[in-house]
Amino acid sequence: MRMFIKSTVLMGSVGILGMGISLALNKLVAVFLGPPAIGIHGVLVRFFQILIQVSSLSLPLSISKYISQYASEDRLDKARFAFRLSLVIVVLLSAIALVFSIVASNHIIVWLFGGNKGADYLVLYLLLAGTVLFTNLSSLYNGAVQGLLEQKRLAISSAATAILVLGATTGLIYKWGLRGYFAGLLLASIIGWIAAAWALWG
């Protein structure tokens with residue numbers, strides 16, 4: 001019971017930190033770039049959240065369950081196989097989703113925003129497209145870490161990622177405005193993947 005409470009408090013604190021940093025970044029965008037930037041961000045991010053969900057097949061949730069089961073039964077060979085198979089599937093589907101989103105970028109942007117505004121949003125769109133693979137990889141790695149019950153490592157990597165992203169993205173917003181913010185989202189996905197890999201293999 002003591003370990004359960006400690007783990008709950010730890011992960012809850014990290015979750016609150018992440019939400020606070022996300023709120024701070026959204027406020028920066030609203031204050032320095034204006035409400036229209038929030039609208040553009042909302043539309044593009046929601047679209048890629050759907051794409052990420054489809055291309056991951058919810059494997060990060062499944063791998064957590066299977067690794068936890070295999071690890072408890074001391075069948076680490078099965079756990080490794082399940083993780084590697086999931087990794088191959090996620091990389092393949094993410095690559096397909098990335099190629100599709102790039103090839104169909106102009107049509108998707110016109111569909112999302114209407115009119116002939118493709119060129120206005122193309123850079124922002126492509127920056128977000130780059131997050132698909134890294135976001136899916138970090139989610140899969142974090143799922144494996146959860147399955148191994150390495151809550152402390154997961155909390156450290158998540159907190160470090162959130163803090164680094166806040167600092168880097170704030171600087172990018174000041175320098176490049178909305179493009180800087182979207183570049184920060186891409187950077188966040190890469191940092192998140194590296195941190196999750198450390199939590200799993202470090």
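Axes are lines fitted to C-alpha atoms, for helices over the stretch in contact, and angles run from 0 to 180 degrees between N-to-C directions. The close-ups below all come from a predicted model.

**Figure 1. Helix 2 crosses helix 4.** Helix 4 covers residues 76-103. Its axis and that of helix 2 come within 8 Å. The two axes cross at roughly 145°. The crossing is right-handed. On the helix 2 side, the contact is made by Phe48, Leu51, Ser55 and Ser56. Helix 4 contributes Val90, Leu93, Ser94, Ala97 and Ser101. By class, this contact has 5 nonpolar and 4 polar residues. No charged residue takes part in the contact of helix 2 with helix 4.

**Figure 2. Helix 2 packs against helix 7.** Helix 2 spans residues 35-56, and helix 7 spans residues 131-147. Their axes lie 10 Å apart. The packing angle is about 55°. The two helices are therefore oblique to each other. Helix 2 passes helix 7 in a right-handed crossing. From helix 2, the residues in contact are Phe48, Leu51, Ile52, Ser55 and Ser56. They meet Thr131, Val132, Thr135 and Asn136 of helix 7. This contact divides into 4 nonpolar and 5 polar residues, with no charged ones. Phe48, Leu51, Ser55 and Ser56 of helix 2 appear in this contact and also in the contact with helix 4.

**Figure 3. Serine 94 sits in helix 4.** The relative accessible area of serine 94 is 0%, so this residue is buried. Neighbours within four places in sequence are left aside here. Beyond them, serine 94 is in contact with Ser55, Val132, Leu133 and Asn136. Ser55 belongs to helix 2, and Val132 and Asn136 belong to helix 7. Serine 94 is itself part of the contact of helix 4 with helix 2.

**Figure 4. Two residues with positive phi lie between helix 2 and helix 3.** Leucine 57 is in the loop between these helices. Helix 3 covers 59-72. The phi of leucine 57 is positive, about 55°, although this residue is not a glycine. Serine 58 is in the loop between helix 2 and helix 3 as well. Its phi is positive too, about 60°, and serine 58 is not a glycine either. Serine 58 has 27% relative accessibility and therefore counts as partly exposed.

**Figure 5. Alanine 144 is a buried residue of helix 7.** The relative accessibility of alanine 144 is 1%, so it counts as buried. Residues up to four places away in sequence are not counted among its contacts. Alanine 144 touches Ile63, Ile67, Phe83 and Leu200. Asparagine 106 is 38 residues apart from alanine 144 along the chain. The C-alpha atoms of these two residues are separated by 36 Å.

**Figure 6. Serine 157 is placed in helix 8.** Helix 8 runs over residues 151-201. Serine 157 has 4% relative accessibility and therefore counts as buried. Its side chain reaches the backbone oxygen of leucine 154 at 3.0 Å. Leaving aside neighbours within four places in sequence, serine 157 is in contact with Asn142, Ala195, Trp198 and Ala199.

Technical notes:
Residues numbered from 1 in each chain as written. Predicted model: local features only at pLDDT ≥ 70, side-chain atom pairs only at ≥ 80, totals over all residues. Heavy atoms only, no water. Helix = DSSP H or I, 4+ residues; strand = E, 2+ residues; numbered from the N terminus. Parallel < 35°, antiparallel > 145°, perpendicular 65-115°, else oblique. Left-handed = near helix turned anticlockwise from the far one by under 90°. Contact = heavy atoms within 4.5 Å. Nonpolar A, V, L, I, M, F, W, Y, C, P; charged D, E, K, R; others polar. Buried < 20%, exposed > 50% of the residue type's maximum accessible area, 1.4 Å probe, protein only. Polar contact = N/O pair within 3.5 Å; in protein donor to acceptor, adjacent residues only side chain to side chain.
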